[in-house]
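Work through the exercises below with the sequence and the 3D view at hand. Each task is followed by its solution.

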Amino acid sequence: MSNILVLNSSLSGEASVSRLLVADAVTELTQRDPGATLVFRDLAAAPIPHLTLETVAGVRAQATTPAELASRALSDELIAELRAADTIVIGAPMYNFSIPTTLRTWFDHVLRPGVTFSYSEAGPKGLIEGKRVIVVEARGGLYSEGPAQAADFQEPYLRQLLGFIGMTDVTFIRAEKIGYGPDARDQAVADSRAELARLAA
Ligand SMILES: Cc1cc2nc3c(=O)[nH]c(=O)nc-3n(C[C@H](O)[C@H](O)[C@H](O)COP(=O)(O)O)c2cc1C
């Protein structure tokens, strides 16, 4: 029996393409493993607070004040969810060429020195290993080919964030041209669904 952690971050609710495809990915995964345990984090509905002057030490240094202890407790909770998961499904819309700030604050609490990564003479080492990650990327435009490729700060950034803490088995499902009209959106959803089905097979 496996554990699946599901992160959604789209602000578009029912209209969200990434949420739709994340739900499909979860269906595919649970069909293969009906006993799987699911943990959902909706980072849009229940945003994780930004780190501030008052809270940052809880994640990056010594926690002493109540605010620092609270941010450390939240970081502990999020990291425990991550550690417990075998598979992580992430819904990541492209916002301003990168990821939603709600998802970024999740990473701010999860990338923690000495806990999820360490430094040595050999360089940084990720401490969260053996995970499978599926990232659904929804984008208004086209970035996998053509002139906007260089403006894709979403996929390389996610690959870096995940890889930095040891998660290198990452599959990206790209739903592109969502802003090009209903036909393009439907085509992108159909293509991504087919890709998810292939992934499950
Ligand atoms: C705040 C905001 C910023 C966006 N920035 C970009 C962008 O930089 N590039 C792009 O191609 N689409 C951009 N979009 C469009 C979304 O990527 C697109 O609508 C996608 O489908 C969003 O994912 P969702 O359907 O899961 O909400 C943006 C949308 C919003 C709401």
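**Exercise 1.** Sort the residues of the shell around the ligand by class.

Solution. The model is a predicted one. Sorted by class, the shell around the ligand holds eight nonpolar residues, seven polar residues and one charged residue. These make up the 16 residues around the ligand, of which Ser 10, Ser 16, Ser 18, Met 94 and Phe 97 come nearest.

**Exercise 2.** Find polar backbone atoms that pair with atoms of the ligand, and state how much of the ligand the protein covers.

Solution. Begin with the oxygen atoms of the ligand. One oxygen atom is 2.8 Å from a polar backbone atom of Val 17. For Ala 138, a backbone N or O atom lies 3.5 Å from an oxygen atom of the ligand. Next, take nitrogen: a nitrogen atom of the ligand is 3.1 Å from a polar backbone atom of Gly 140. Finally, consider area. On its own the ligand has 620 Å² of accessible area, and the protein covers 73% of this.

**Exercise 3.** Describe the largest cavity and its lining.

Solution. Start with the count, which comes to one cavity of 30 Å³ or more. The volume of the largest cavity is about 30 Å³. Its lining consists of Ala 25, Glu 28, Leu 29, Arg 32, Arg 132, Ile 134, Leu 196, Leu 199 and Ala 200. Now assign elements: α1 (17-32), β6 (132-138) and α6 (182-200) each give two or more residues to this lining. The largest share, four residues, comes from α1. Last, sort by class: the lining has six nonpolar, no polar and three charged residues.

How values were computed. Residues are numbered from 1 along each chain as its sequence is written. This is a predicted model: local features need pLDDT of at least 70, side-chain atom pairs count only at pLDDT 80 or more; totals for chains, interfaces and linings use all residues. Side-chain values use heavy atoms; hydrogens and water are left out. A residue is near a molecule or strand if one of its heavy atoms lies within 4 Å of it. A polar contact is a pair of N or O atoms within 3.5 Å; within protein, one must be able to donate a hydrogen and the other to accept it, and residues adjacent in sequence count only if both atoms are side-chain atoms. Accessible areas come from the Shrake-Rupley method with a 1.4 Å probe; for residues, only the protein chains shown count as cover. Ala, Val, Leu, Ile, Met, Phe, Trp, Tyr, Cys and Pro count as nonpolar, Asp, Glu, Lys and Arg as charged, and the others, Gly among them, as polar. On a 1 Å grid over the protein atoms alone, a cavity is a set of points where a 1.4 Å probe fits but cannot get out, and a pocket is an open set with protein on both sides within 12 Å along at least five of seven lines; lining residues have an atom within 4 Å of a point. Grid points are joined across faces, edges and corners, and a volume is the space filled by probe spheres set on the points.
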